[in-house]
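Trainee: I have a structure open on my screen and would love a close look at its interior. Could you walk me through the core and then the parts that pack around it?

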Amino acid sequence: MMLNSVQIDQAIKSLKKNQVIILPTDTIYGLSALATKSNEIKINKLKQAKFSKPLIILFSCYQQIDFLNIFDRSLYELLDSSIPTTVIIEYNQQTYALRKVIREDIKKIVDSTGLIYSTSVNIHGQQPLWSEQDLEQFSDDVKVYFDEPLYGEPSKIYNSVTKKWVR
């Protein structure tokens, strides 16, 4: 299933207003917002997580992450995998967790808004939410863009700094 065009347009408008929303991803539902420091803080506050916890950044095309100067071609292979894979990199003493979007509806959103954060919808340390009712009850301040229950597992994570699989 995919979000319909009205949902896509509304999600884009919400994101461009710097709102945190809930979107389906290639794996599970995610708390999503434009990739800015203030939105990172908002999301971690909603999750009751440490403010220093890096969030996954979704991108739709490599031009969006050119500024990171990724030279290791094997990382592109991981990001292009048909199995959703997050790659952790370091650039200018900052840590980034990157995942290339596979779903066409979410690609349209990211194509229009640019990089967005997306992290599991849950209180930190608890199981991700997947039912429409649970997602709607997560926060009164967060709009849910629901298409179907997603029972997937969170993405695989490869840390390119330590050269180890995290998950």
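Mentor: Happy to, and please keep in mind that this is a predicted model. Let's begin with the largest nonpolar core, which has 30 residues. Those with the most contacts inside this core are Ile 22, Leu 31, Ile 70, Ile 89 and Leu 98. The elements that give two or more residues to this core are β2 (29-34), β3 (56-59), α3 (73-79), β4 (85-91), β5 (94-100) and α5 (132-138). Helix α3 supplies the largest share, four residues. There is also a second, separate core of 19 residues, and Leu 23, Leu 34, Ala 97 and Ile 116 are among its members.

Now let's follow one contributor, strand β4. Five of the seven residues of β4 are buried, so this strand is largely enclosed by the rest of the structure. It has two partners to look at. With β5, β4 runs antiparallel, and five bridges join the two. Across that pairing, Glu 90 stands opposite Thr 95 in β5. The two strands form a hairpin with two residues between them, and Asn 92 in the turn has a positive phi of about 50°. With strand β8 (residues 156-159), β4 pairs in the parallel sense over four bridges. Here Ile 88 faces Asn 159 of β8.

Next, the helices. In α2 (residues 37-47), the buried residues are Asn 39, Glu 40, Ile 43, Asn 44 and Lys 47. They cover an arc of only 135° around the axis, and therefore lie on the same side of α2. What do the buried residues of α2 pack against? Their packing partners are β2 and β6 (116-120). Just after α2 comes Gln 48, whose phi is positive, near 60°. Turning to helix α1 (residues 5-16), you will find Gln 7 there. Gln 7 is buried, because its relative accessible area is 16%, below the 20% cut-off. Leaving aside neighbours within four places in sequence, Gln 7 is in contact with Tyr 145 and Phe 146.

Let's finish with the charged side chains, where the count comes to five salt bridges. One of them joins Asp 80 and Lys 100, with their closest N and O atoms 3.0 Å apart. This pair links distant parts of the chain, 20 residues apart: Asp 80 sits in the loop between α3 and β4, while Lys 100 belongs to strand β5. Asp 80 counts as partly exposed, at 44% relative accessibility.

Arg 103 gives a fuller picture. It forms a salt bridge with Asp 105, the closest N and O atoms being 2.6 Å apart. Arg 103 counts as buried at 9% relative accessibility, and Asp 105 is buried as well, with a relative accessible area of 3%. The side chain of Arg 103 also meets that of Asp 147 in a salt bridge (2.5 Å, N to O). That second pair spans 44 residues, linking Asp 147 in the loop between β7 (143-144) and β8 with Arg 103 in the loop between β5 and α4 (104-113). Asp 147 is buried, just as Arg 103 is. Through shared partners, these salt bridges join Arg 103, Asp 105 and Asp 147 into one network.

How values were computed:
Residues numbered from 1 in each chain as written. Predicted model: local features only at pLDDT ≥ 70, side-chain atom pairs only at ≥ 80, totals over all residues. Heavy atoms only, no water. Core = buried A, V, L, I, M, F, W, Y, C linked by side-chain atoms within 4.5 Å. Buried < 20%, exposed > 50% of the residue type's maximum accessible area, 1.4 Å probe, protein only. Arc of directions from axis to C-beta. Contact = heavy atoms within 4.5 Å. Pairing = 2+ DSSP bridges. Salt bridge = Lys/Arg side-chain N within 4 Å of Asp/Glu carboxyl O.
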